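Trainee: I am new to this structure and should like to look closely at a single part of it. Would you please choose one helix and take me through it?

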Amino acid sequence: MNQVYRPVVFEFPSGDVTQWFEQWNSMFTATDSQVGLINVNFGRSSAPQVEQAVLDEVGSYGKQLGRMGDVLAVLLRHFRPETDLTEQERHAIEDLSVMLREIAAIKTRHDRDALRP
């Protein structure tokens, strides 16, 4: 079986770190071994090749979540409910808004564009 091992880029505060993750993953999955202090488990993906292609070609989980957060910030800014929200619904929106503002503050500290709700 010919596999192409693509590097997975991890972005740490010190900069990008490239690992040949697939090679390590396949080598140690069979032995159920642990290497080092940090181990990554992809979980039970129904289509791991698709998931890896999305990460390689579209963006990291952080980038995907960041874009979803930006869209939610826009929607929250323009959200005008037709009926009163329950207390639980108000808390859920406020919790999300707080989280999005905290993320925006971190992005701003790192000279990145940030949308706020």
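Mentor: Along the sequence, the elements of the protein chain follow the pattern β-β-α-α-α-α. That comes to 4 helices and 2 strands. Please keep in mind that this is a predicted model. Of the 117 residues of the protein chain, 9% count as buried. The accessible surface of the chain is about 10100 Å², and 55% of that area belongs to carbon and sulfur atoms. Among the contacts in the chain with a separation of 6 or more, 28% are accounted for by residues 24 or more positions apart.

The part I propose for the close look is helix α3, which covers residues 61–78. Its length can be checked first. With 18 residues at 1.5 Å a residue, α3 should span 26 Å, and its end C-alpha atoms are indeed 26 Å apart, so the two values agree.

Next comes the question of which residues of α3 are buried. They are G69, A73 and L76. These residues cover an arc of only 70° around the axis, and therefore they lie on the same side of α3. The general geometry helps here: an α-helix has 3.6 residues a turn, so residues three or four places apart point the same way. The buried residues of α3 pack against α4.

The face of α3 turned away from this buried side carries the exposed residues R67, L75 and H78. L75 deserves a separate word. Its relative accessible area is 53%, and because the cut-off for exposed is over 50%, L75 counts as exposed. L75 also belongs to a nonpolar patch on the surface, which it forms with V71 and L72. Together, the three residues of this patch have about 260 Å² of accessible area.

To complete the picture, consider the partner helix, α4, which comprises residues 87–109 and includes A104. A104 has a relative accessibility of 1%; since buried means under 20%, A104 counts as buried. The C-alpha atom of A104 is separated by 9.3 Å from that of D70, although the two residues are 34 residues apart along the chain. Leaving aside neighbours within four places in sequence, A104 is in contact with A114, L115 and R116.

In summary, α3 has a buried side with G69, A73 and L76, which packs against α4. The face turned away from that side carries R67, L75 and H78.

How values were computed
Residues are numbered from 1 along each chain as its sequence is written. This is a predicted model: local features need pLDDT of at least 70, side-chain atom pairs count only at pLDDT 80 or more; totals for chains, interfaces and linings use all residues. Side-chain values use heavy atoms; hydrogens and water are left out. Buried means under 20% relative accessible area, exposed over 50%, partly exposed in between (1.4 Å probe, protein chains only). Contact means heavy atoms within 4.5 Å. Patches are made of residues with over 30% relative accessible area and no salt bridge: like charges are joined within 9 Å, nonpolar side chains (Val, Leu, Ile, Met, Phe, Trp, Tyr) within 5 Å. Accessible areas come from the Shrake-Rupley method with a 1.4 Å probe; for residues, only the protein chains shown count as cover. A salt bridge is a side-chain nitrogen of Lys or Arg within 4 Å of a carboxyl oxygen of Asp or Glu. The expected span of a helix is 1.5 Å times one less than its number of residues. The arc is that of the directions from the helix axis to the C-beta atoms.
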